[in-house]
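This report looks at how two helices pack, then at the overall fold and two individual residues. The sequence and structure come first.

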Amino acid sequence: MAVKVYVVYYSMYGHVAKLAEEIKKGASSIEGVEAKIWQVPETLPEEVLGKMGAPPKPDAPTITPQELAEADGILFGFPTRFGMMAAQMKAFFDATGGLWREQSLAGKPAGIFFSTGTQGGGQETTPLTAITQLTHHGMVFVPVGYTFGAKMFNMDEVQGGSPYGAGTFAADGSRWPSEMELEHAFHQGKYFAGIAKKLKGSA
């Protein structure tokens, strides 16, 4: 039976969505793993999104909280807002009370990836503050650590990401994930899927 890995994200301008695609590819590269991308519901009206210059949403299906329970492992992605997850993702987590009551997600592995505007904008605080959501659900946080190898220490170019997970810098919105950041995302997906497979196999 296939190991189901869900890549669940919120992306206003597309940067996190780009990382999500690479993470899905990485997860799918592990034999026996079935990866699927989902986005969480938007909370802002179209009129407001238009004024903010947000492009149309990707065609990824919108997930409901109950559908999280179907996954064997979940990677959550979101942009930062003042060093924490965007309100849209927080609203989604706030709607998972039923799952929390039944501890439906307890024991499932979970990972985090993210986008920030600047180098000091939350590449560590954004995932760090998000871990509280996973903790209350009893999920097993799987950081990518330094498994990406020497590229984690590269100083030749600006790159997002941290031991917590893959990341990118959006700057004013004009900067898109670099090849290095996309490689990191692919690696995280592959690494995470391997862990999810091991956990399911030992259950």
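Helices α1 and α6 are oblique to each other, because their axes cross at roughly 45 degrees, and angles from 35 to 65 degrees fall outside both the roughly parallel and the roughly perpendicular classes. The model is predicted. Helix α1 covers residues 15–28, and helix α6 covers residues 179–202. Their axes come within 6 Å. The crossing of α1 past α6 is right-handed.

Which residues of α1 and α6 make the contact? From α1 come Lys18, Leu19, Glu22, Ile23, Lys25, Gly26 and Ala27. From α6 come Glu181, Leu182, Ala185, Phe186, Gln188, Gly189, Lys190 and Ala193. Sorted by class, this contact holds 7 nonpolar, 3 polar and 5 charged residues.

**The fold**

The protein has 6 helices and 7 strands. Read from the N terminus, their order is β-α-β-α-β-β-α-α-β-α-β-β-α. The radius of gyration is 16 Å, and the globule rule gives 17 Å for 203 residues, so the protein is as compact as a globular protein of that length. The C-alpha trace spans about 45 × 40 × 30 Å along its principal axes. Of the 203 residues, 49% are buried. Among contacts with a separation of 6 or more, 75% join residues 24 or more positions apart.

**Two strand residues**

Val3 and Ser115 each sit in a strand: Val3 in β1, Ser115 in β5.

| Residue | Strand | Relative accessible area |
|---|---|---|
| Val3 | β1 (residues 3–9) | 5% |
| Ser115 | β5 (residues 109–116) | 5% |

Is Val3 buried or exposed? Val3 is buried, because its relative accessibility of 5% lies under the 20% cut-off. Beyond its neighbours within four places in sequence, Val3 is in contact with Gly32, Val33, Glu34, Asp72, Ala196, Lys197 and Lys200. Among these partners, Ala196 lies within the residue range of α6. Ala35 is 32 residues from Val3 along the chain, and the two C-alpha atoms are separated by 8.2 Å.

Ser115 is buried too, at a relative accessible area of 5%. Which residues does Ser115 contact, leaving aside its neighbours within four places in sequence? The partners are His15, Val16, Phe78, Pro79, Thr80, Thr168 and Ala170. Two of them, His15 and Val16, fall within the residue range of α1.

How values were computed. Residues numbered from 1 in each chain as written. Predicted model: local features only at pLDDT ≥ 70, side-chain atom pairs only at ≥ 80, totals over all residues. Heavy atoms only, no water. Axes fitted to C-alpha atoms, helices over the stretch in contact; angles between N-to-C directions. Helix = DSSP H or I, 4+ residues; strand = E, 2+ residues; numbered from the N terminus. Parallel < 35°, antiparallel > 145°, perpendicular 65-115°, else oblique. Left-handed = near helix turned anticlockwise from the far one by under 90°. Contact = heavy atoms within 4.5 Å. Nonpolar A, V, L, I, M, F, W, Y, C, P; charged D, E, K, R; others polar. Rg over C-alpha atoms; globule rule 2.2 N^0.38 Å. Buried < 20%, exposed > 50% of the residue type's maximum accessible area, 1.4 Å probe, protein only.
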